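Morning, everyone. Please have the sequence and the structure open while I talk. I'll keep this short.

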Amino acid sequence: MKKTLIAIATLLALSLTACLGGGSSEPTKYYTIAVENIQAPTSSAYADKRLQIRKFTIEPAYQRTNIVYRESAYDFMFYDLDLWASRPEHMMAQVASEYLAKSGLFKTVETKPTGKPDFEFLGNIVAIEEVDEGSSQYARLAMQLTFRKTESDQAIWEKSFDEKLSMDNREPRTTAETISKLFGKYMEEALSEISSQN
């Protein structure tokens with residue numbers, strides 16, 4: 001009986017400590033991909049066409065909001081308290097739509113079309129991660145972008161990208177900024193090459 005009372009008293013003390021903020025837990029932080037300033041094409045053969053941004057896809061290992069970091073080809077780890085604001089494929093599709101809308105290449109750019117679109121823009125993310133190699137840190141973004149006629153399996157333009165960009169520190173905010181720069185670079189190339197298609 002005495003042991004039971006001691007156990008109950010201990011549990012109550014621990015519960016009270018947790019309720020009063022006795023723990024030292026850090027707050028969760030959230031990060032997003034942002035639109036960069038890029039060079040947009042000056043003309044397009046699609047100026048009177050409608051474009052739909054389709055939902056991006058992502059490799060299963062990255063289907064989460066946790067930011068991934070790796071210290072070797074064999075490691076695959078997640079930050080517990082540093083998260084993407086939403087899943088990467090949703091953020092990337094939204095940012096892609098902003099780039100395409102600002103480019104002026106199309107009459108309309110929509111994620112949910114109000115009319116039948118003429119073309120579709122799709123993306124598949126292969127890897128989005130922080131890479132820590134000794135004293136060096138990198139952000140890596142590997143993905144495929146596709147531009148095609150609506151409901152067609154034949155791509156008008158398609159390209160795979162996979163680059164690492166050096167970072168000054170191992171901070172999730174820096175990872176988000178560097179991933180944004182990489183995606184801006186990919187989108188600048190995509191816009192330039194799509195604008196020259198006939």
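I'll go through confidence, the overall layout, one helix pair and two single residues.

First, confidence. This is a predicted model. The protein averages a pLDDT of 87. Of its residues, 87% score at least 70. Now, where is confidence lowest, and where is it highest? The low end is helix 1, residues 2-19, with a mean of 44. The high end is strand 3, residues 57-58, at 98. Look at residues 2-23 as a stretch. pLDDT stays under 50 there. The model has two contacts beyond four places in sequence for that stretch. Where pLDDT is low, the predicted coordinates should not be read in detail. So please treat helix 1, with its mean of 44, in that spirit.

Next, the layout. The protein has 198 residues, and 39% of them count as buried. It holds three helices and nine strands. Along the sequence the order is α-β-β-β-β-β-α-β-β-β-β-α. What about contacts across the sequence? Take the pairs at least 6 residues apart in sequence. Of those contacts, 71% join residues at least 24 apart.

Now the helix pair. Helix 2 covers residues 88-103. Helix 2 and helix 3 pack with their axes 11 Å apart, at an angle of about 45°. How do the two helices lie to each other? They are oblique, because an angle of about 45° is neither under 35 degrees nor in the 65 to 115 range. The crossing of helix 2 past helix 3 is right-handed. Which residues meet there? From helix 2, we have Met92, Val95, Ala96, Tyr99, Leu100 and Ser103. From helix 3, we have Ile179, Ser180, Phe183, Gly184, Met187 and Leu191.

Stay with helix 3, and step just past it. Ser196 lies in the segment after helix 3, which spans 172-195. Is Ser196 buried or exposed? Exposed, because its relative accessibility is 52%, and the cut-off is over 50%. A polar atom of the Ser196 side chain lies 2.8 Å from the backbone oxygen of Glu193. Ser196 also sits 8.5 Å from Ser43, C-alpha to C-alpha. In sequence, Ser196 and Ser43 are 153 residues apart.

Last one: Gln52. Gln52 is in strand 2, residues 50-53. Gln52 counts as buried, because its relative accessible area is 13% and the limit is under 20%. What does Gln52 touch beyond its neighbours within four places in sequence? Its contacts are Glu110, Thr111, Pro113, Pro117, Phe119, Glu120 and Phe121.

That's my tour. Over to you.

Conventions: Residues are numbered from 1 along each chain as its sequence is written. This is a predicted model: local features need pLDDT of at least 70, side-chain atom pairs count only at pLDDT 80 or more; totals for chains, interfaces and linings use all residues. Side-chain values use heavy atoms; hydrogens and water are left out. pLDDT is the predictor's confidence in each residue, from 0 to 100. Helices (H or I, at least four residues) and strands (E, at least two) are DSSP runs, numbered from the N terminus. Contact means heavy atoms within 4.5 Å. Buried means under 20% relative accessible area, exposed over 50%, partly exposed in between (1.4 Å probe, protein chains only). A polar contact is a pair of N or O atoms within 3.5 Å; within protein, one must be able to donate a hydrogen and the other to accept it, and residues adjacent in sequence count only if both atoms are side-chain atoms. Axes are lines fitted to C-alpha atoms, for helices over the stretch in contact, and angles run from 0 to 180 degrees between N-to-C directions. Angles under 35 degrees count as roughly parallel, over 145 as roughly antiparallel, 65 to 115 as roughly perpendicular and the rest as oblique. A crossing is left-handed if the near helix is turned anticlockwise from the far one by less than a right angle, and right-handed if clockwise.
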